[in-house]
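Biologist: Got a minute to go through this one with me? Let's put it on screen.

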Amino acid sequence: MKILIVEDEEKLARFTELELMHEGYETAKAFDGRTGLEMAESGEYDLILLDIMLPGLNGIEVLRRIRKNSDVPVILLTARDSVMDKVSGLDTGADDYITKPFDIEELLARIRAALRKKTPSAEVSSLLTSGLLTLDTASHIVKYDGKTIELTNREFGLLKKLLENKSVVLSRETLLDDVWGFDYVGETNVVDVYIRYIRSKIDDVFGVKIIQTVRGVGYVIRE
């Protein structure tokens, strides 16, 4: 496995590189956004560690451009710690988010989780439904009454999890574990933020109530 580290703090980049090499990973480094983007676009890497505050081109813009052509796992490294910063990074297409300073064991666990998700599996095309709502896991298309709904990857994953467990109330912690990854560390109300996003695109538009809130427990989709 080969990992690209895009980090302008050279000492931190070197420390991370040494730890990854010790774990058996191949590594490469870039110290600014433009160089990191050029290297990422080569397609040689199995995962990218990407700092947000980079010279030349910030990490969010680098990620946005990577996502135009690649679904390589990306873990954001940043000193920022607010919920909205996390939402912004994840919504742009990041697979995970870790706040500096971080414990190297936590970073390694997040890397392993991201790489596991990327491992190809024999997924069979499946259509999940609830009333007039359909979600196709193969084509990644969501429709309500035949009208296509544009969802981000994270919104799609959250809705998919709820549809796979119809009539089962899922807690925020369960949704974080299954959609964001069990290594996720952060506020559980990021789930609430994404539920609001989904509702604004489905419930508010079509005048329905797809996702129900069970106070003190979590969320559920019922027929």
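Modeller: Sure. Keep in mind that this is a predicted model. Take contacts between residues at least 6 apart in sequence: 58% of them join residues at least 24 apart.

Biologist: What helices and strands does the protein chain have, and how many of each?

Modeller: Nine helices and twelve strands. The radius of gyration is 18 Å, close to the 17 Å from the globule rule for 223 residues, so the chain is as compact as a globular protein of that length. The C-alpha trace spans about 55 × 35 × 30 Å along its principal axes.

Biologist: How much of the chain counts as buried?

Modeller: 47% of the 223 residues. Accessible surface is about 11,100 Å², with 48% of that belonging to carbon and sulfur atoms.

Biologist: Switching to L77. Where does it lie, and is it buried or exposed?

Modeller: L77 lies in strand β4, residues 74–78. L77 has a relative accessible area of 1%, under the 20% cut-off, so it counts as buried.

Biologist: Which residues is it in contact with, beyond its neighbours within four places in sequence?

Modeller: E7, L49, L50, D51, I52, I98, K100, F102 and L107. I52 is 25 residues away along the chain, yet the two C-alpha atoms are separated by 6.4 Å.

Biologist: Now α6. Which of its residues are buried?

Modeller: R154, E155, F156, L158, L159, K161, L162 and L163. The helix covers residues 153–164, twelve in total. From first C-alpha to last it reaches 16 Å, close to the 16 Å expected.

Biologist: And the charges, how far apart are the mean positions?

Modeller: 5 Å, for 30 positive and 39 negative charges.

Definitions and conventions: Residues are numbered from 1 along each chain as its sequence is written. This is a predicted model: local features need pLDDT of at least 70, side-chain atom pairs count only at pLDDT 80 or more; totals for chains, interfaces and linings use all residues. Side-chain values use heavy atoms; hydrogens and water are left out. Helices (H or I, at least four residues) and strands (E, at least two) are DSSP runs, numbered from the N terminus. The expected span of a helix is 1.5 Å times one less than its number of residues. Buried means under 20% relative accessible area, exposed over 50%, partly exposed in between (1.4 Å probe, protein chains only). The radius of gyration is taken over C-alpha atoms; the globule rule is 2.2 Å times the number of residues to the power 0.38. Contact means heavy atoms within 4.5 Å. Accessible areas come from the Shrake-Rupley method with a 1.4 Å probe; for residues, only the protein chains shown count as cover. Lys and Arg count as positive and Asp and Glu as negative; His and the chain ends are not counted. The place of a charge is taken as NZ of Lys, CZ of Arg, CG of Asp or CD of Glu.
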